Each structure stands twice: as C-alpha cells, then as structure tokens.
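Have the sequence and the model open side by side. The walk below starts at one end of the chain and follows the contacts from there.

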Amino acid sequence: MGAVKVLDHPLIQHKLTYIRDHQTGTKAFRELVDEVATLMAFEITRDLPLEEITVQTPVAEAKTYQISGKKLGIVPILRAGLGMVDGILKLIPAAKVGHIGLYRDPNTLEPVEYYSKMPSDINERELIVVDPMLATGGSASAALSMIKDKGAVNIKLMCLIAAPEGVKRIQEDHPDIDIYLAALDQKLSDKGYIIPGLGDAGDRLFGTK
C-alpha cells in the first residue's frame with residue numbers, strides 16, 4: 001500500500017491558511033499555490049539518490065554530492081494542476097513536463113481523456129503528478145491509469161488538499177503510488193466538494209466561475 005504523507009512544515013501550513021481563505025484574491029491565491037508547490041517539491045524529492053563528486057573550491061578540493069542521474073517529470077492534471085507546475089520547476093528546472101486532460105462523459109459519467117502529451121522517455125522518469133484537490137479521486141485515478149498505460153512505472157501524486165474518500169480511492173486503485181498532501185480534510189460534501197477545502201481550485205487560480 002502506498003504511503004500517505006501530510007507535509008506539516010510550518011511554512012506550508014501557514015501559506016495554506018491564506019489559500020483556504022475565501023477573501024484571498026486570484027493574484028495572491030496563484031502566488032501562494034506556486035509557493036506551496038515549491039515547498040512540497042522540497043519534501044517530495046527528499047529521497048533522491050546522491051553520488052559523491054569532487055570539486056575545486058576557491059580554497060581547496062572538496063568532496064561533495066550531486067543528484068545521481070535521476071530523471072524527473074511533472075504531469076499536471078488539467079486545468080488546475082497547471083497552477084503547481086512553475087513552483088516545482090523553480091526547484092527542479094531540468095524536469096520535463098507532460099500534460100493530461102480529462103472530462104467526465106455526461107452519459108456514462110466515466111472520465112475521458114481529451115489531451116495527453118508526455119515526455120518520450122516517460123518509462124525512465126520519476127513522475128510527480130500534480131492536482132491541487134483530491135476529492136472523490138475518480139479523475140486522479142483515471143489519469144494515473146492512463147499515464148501508466150503510456151509506460152510510466154515510477155509515479156508520485158502531489159495534491160494540496162485531499163478528502164479521505166479520494167485517498168481511499170487512490171489506495172485501492174493504485175496501491176503502488178505514494179500520496180503527498182499539504183492537508184487531509186474532513187470529508188466530501190453531497191456535491192463532491194472537500195470540506196472545509198478551499199472551493200474550486202481552477203476557478204480561484206484562473207479567475208473564472
């Protein structure tokens with residue numbers, strides 16, 4: 001079973017407070033999501049392998065470390081996942097970025113892929129799939145299945161806020177995937193919103209209704 005890791009760093013929790021606040025406007029909301037994504041990326045990359053190298057400082061030769069050839073990728077689930085990409089790229093600028101877009105068929109209620117573009121070497125990369133909200137888990141689970149079908153074998157899921165129902169769905173459908181969160185909230189509302197949550201992340205990021 002994949003691990004569920006709630007990142008309780010004080011800066012993450014502090015910024016998440018303002019992200020939740022309904023009075024936070026689009027500009028500030030976007031900036032805060034970007035900042036929290038950077039902080040979460042710091043935590044999610046904690047286990048990257050290192051190799052020892054030697055460099056010459058202005059004073060002497062030093063044995064030090066660099067990341068050991070690990071290839072990384074970021075895959076936002078459109079559209080709200082886009083709000084987290086730049087924050088991660090600030091920390092991992094060499095990461096490649098894929099995209100996956102889904103919509104729910106109004107008749108079957110099943111997720112349908114409408115857009116997908118992945119790095120050609122997806123099977124060699126550790127992927128961080130990002131979406132601010134993990135509510136029912138249906139769309140995220142479908143996106144993960146589609147990404148696996150394209151050859152990905154090493155995936156982590158990173159969300160700002162999740163409901164227990166969404167976490168349970170991912171653990172059942174994808175027990176190999178670790179989930180990284182800034183907060184695990186109480187439950188889903190009857191309409192599928194996370195309580196207390198932050199509202200609709202896409203609308204708040206892009207100023208739409």
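**From the first strand inward**

Val-4 sits in strand S1, which covers residues 4–6. The model is a predicted one. Is Val-4 buried, exposed or partly exposed? Its relative accessible area is 30%, so Val-4 counts as partly exposed. Val-4 also belongs to a nonpolar surface patch. The other members are Val-6 and Leu-184. Together the three offer about 210 Å² of accessible area.

Now step across to the neighbouring strand. S1 and S11 run parallel and are joined by 3 bridges. Within S11, Ile-179 is the bridge partner of Val-4. Strand S11 spans residues 178–184. Of its 7 residues, 5 are buried, so the rest of the structure largely encloses this strand. In a regular strand, side chains alternate between the two faces of the sheet.

S11 has a further partner. Which strand does S11 join through 6 bridges? That strand is S10, residues 154–162, and the two run parallel. Here Ile-179 appears again: Leu-157 stands opposite Ile-179 in S11. Ile-179 is thus a useful residue to centre on: it is the bridge partner of Val-4, and it faces Leu-157.

What connects S10 to S11 in the β-α-β unit? Helix H5, residues 164–173, takes that place. S10, H5 and S11 together form a right-handed β-α-β unit.

**A buried threonine**

Turn next to helix H2, residues 26–44, where Thr-38 is found. Thr-38 has a relative accessible area of 19% and is therefore buried. The cut-off for buried is under 20%. What does the side chain of Thr-38 meet? One of its polar atoms lies 2.6 Å from the backbone oxygen of Gly-87. That contact involves a side chain on the Thr-38 side and the backbone on the Gly-87 side.

**Two cis peptide bonds**

Finish with the backbone. Leu-78 and Arg-79 are joined by a cis peptide bond, with omega about 5 degrees. Arg-79 lies in the loop that runs between strand S4 (72–78) and helix H3 (82–91).

Another cis bond leads from Ile-195 to Pro-196, and its omega is near 0 degrees. Where is Pro-196? Pro-196 is in the loop between strand S13 (194–195) and helix H6 (201–206).

Conventions. Residues numbered from 1 in each chain as written. Predicted model: local features only at pLDDT ≥ 70, side-chain atom pairs only at ≥ 80, totals over all residues. Heavy atoms only, no water. Patch = residues over 30% accessible without salt bridge, like charges linked within 9 Å, V, L, I, M, F, W, Y side chains within 5 Å. Areas by Shrake-Rupley, 256 points an atom, 1.4 Å probe, with all protein chains shown as cover. Salt bridge = Lys/Arg side-chain N within 4 Å of Asp/Glu carboxyl O. Helix = DSSP H or I, 4+ residues; strand = E, 2+ residues; numbered from the N terminus. Buried < 20%, exposed > 50% of the residue type's maximum accessible area, 1.4 Å probe, protein only. Pairing = 2+ DSSP bridges. Right-handed = clockwise from strand over helix to strand, strands pointing away. Polar contact = N/O pair within 3.5 Å; in protein donor to acceptor, adjacent residues only side chain to side chain.
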